[in-house]
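Hi,

Here is the structure I promised to pass on. Have a look at it first, and then read my notes underneath.

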Amino acid sequence: MTGSLSGKVAVVTGASRGIGKGIALALAAEGATVYVTGRTVMQDSYPLPGTVGETAEQCTSRGGQGIAVAVDHADDAQVAALFEQVRREQGWLDILVNNAFALPEDLTEPQPFWEKPLSNLDMFEVGVRSNFVAAWHAAQIMAPQKSGLIVAISGYVGVTYTYGVVFGTCKSAVDRMARDMAVELQPYNVASLSLWQGLTFTERANRNIALNPAMQASIVTNPLIGCSPEHPGRVIAALAADPEIMKRSGGTFITAEAAQDYGITDVDGKVIPSLRDQRGSPIWRPIGEA
């Protein structure tokens with residue numbers, strides 16, 4: 001297939017399902033070879049549907065090439081093996097999407113932080129630390145080749161209270177990490193940025209809204225302004241194909257606004273609205289504008 005990403009190689013973490021899966025499919029639809037990572041390799045081994053193999057197969061059916069790699073992003077050795085596989089099989093890497101995140105089942109429950117288990121700190125391990133480890137390996141491939149794009153998936157939670165203390169702290173850290181990586185990657189022509197998602201109709205989100213219809217009344221989880229999991233992938237594909245991507249490096253961008261910049265709609269043709277006025281504005285501008 002000939003597409004805007006034909007010949008490009010991408011790694012999308014946490015892509016068994018959800019936003020990661022949507023991003024992987026969107027990149028593959030533009031012709032990319034996509035390494036799909038995640039822990040789920042067998043159907044019915046997780047409460048929600050989806051496996052890395054199924055996502056990879058769908059990537060290939062979209063016209064790209066999907067390569068499934070079972071990876072627990074809390075295990076540094078498994079992450080190292082992933083990037084060694086990419087280096088061995090492809091010789092280069094164009095895109096890393098850091099999407100993997102350890103979402104606890106009680107994330108949307110209303111209890112204060114001291115009434116939730118300390119195991120919620122797993123969000124730091126797979127969500128912050130895992131981003132750094134994956135980017136550490138990716139940069140060792142991208143910097144010598146003098147090209148590449150590292151994208152962190154974040155959200156309005158970076159500045160607006162959403163769900164809980166640990167969740168907000170992690171996403172704020174992800175935004176700052178993307179910015180500071182951009183500073184150090186700039187001499188090597190490698191871009192790093194963060195994207196803010198609003199409500200995305202993942203398997204988990206659909207389940208939670210169905211179980212708790214009251215969530216529909218919240219600006220955070222209002223279905224009328226949600227997007228498909230492929231919408232951010234369409235934006236990332238446009239970013240990766242943009243010859244002036246370095247002008248965005250270091251910035252945090254609202255996905256809906258970046259989509260409008262590139263003339264991108266959702267899979268159903270819908271224009272996804274920005275919630276800047278309702279939920280807050282990103283802190284970090286591109287380093288070239290600082």
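**Aromatic rings, then the sheet**

Both Phe113 and Trp114 are exposed. Keep in mind throughout that this is a predicted model. The ring centres of Phe113 and Trp114 lie 5.1 Å apart with the planes at 90°, so this pair counts as edge-to-face.

In total I get four aromatic pairs. Another of them is Phe101 with Phe167, also edge-to-face, with 5.7 Å from centre to centre and 80° between the planes. That pair ties together distant parts of the chain: Phe101 sits in the loop between strand E4 (95-98) and helix H4 (122-145), while Phe167 belongs to helix H5 (residues 165-185), 66 residues apart. Phe101 has a relative accessibility of 17%, and Phe167 comes in at 10%. Buried means under 20%, so Phe101 qualifies, and so does Phe167. Tyr163 joins Phe101 and Phe167 in one aromatic cluster.

Now the sheet. It is open and built from seven strands, in the order E3-E2-E1-E4-E5-E6-E7, with parallel pairing. Strand E3 (65-70) and E7 are at the edges, each pairing on one side only. From one strand to the next, the twist averages 20°. At the E7 end, E6 and E7 pair in the parallel sense over three bridges, and Leu195 has Phe253 in E7 as its bridge partner.

Helix H8 lies across E6 and E7, at about 80° to E7. Which residues of H8 (residues 255-262) are buried? They are Thr255, Ala256, Ala258 and Ala259. Looking down the axis of H8, these buried residues fall within an arc of 160°, so they line one face of the helix. Their cover includes strand E6 (191-197), helix H7 (230-241) and strand E7 (252-254). Just after H8 comes Gly263, with a positive phi of about 70°.

One last spot, back towards the start of the chain: Ser4, in the segment before strand E1 (9-12). Is Ser4 buried, exposed or partly exposed? Its relative accessible area is 39%, and partly exposed covers the range between 20% and 50%, so Ser4 is partly exposed. Leaving aside residues up to four places away in sequence, Ser4 touches Glu30, Ala237 and Ala241. With Glu30 there is also a polar contact of 3.0 Å between the side chains. Gly226, on the other hand, is 222 residues from Ser4 in sequence and 26 Å from Ser4 in space, C-alpha to C-alpha.

Cheers

Terms used:
Residues are numbered from 1 along each chain as its sequence is written. Side-chain values use heavy atoms; hydrogens and water are left out. Helices (H or I, at least four residues) and strands (E, at least two) are DSSP runs, numbered from the N terminus. Buried means under 20% relative accessible area, exposed over 50%, partly exposed in between (1.4 Å probe, protein chains only). Contact means heavy atoms within 4.5 Å. A polar contact is a pair of N or O atoms within 3.5 Å; within protein, one must be able to donate a hydrogen and the other to accept it, and residues adjacent in sequence count only if both atoms are side-chain atoms. The arc is that of the directions from the helix axis to the C-beta atoms. Two strands pair if DSSP finds at least two bridges between them. Axes are lines fitted to C-alpha atoms, for helices over the stretch in contact, and angles run from 0 to 180 degrees between N-to-C directions. Rings of Phe, Tyr and Trp (its six-membered ring) pair if their centres lie within 6.5 Å; planes under 30 degrees apart count as stacked, over 60 as edge-to-face and the rest as tilted.
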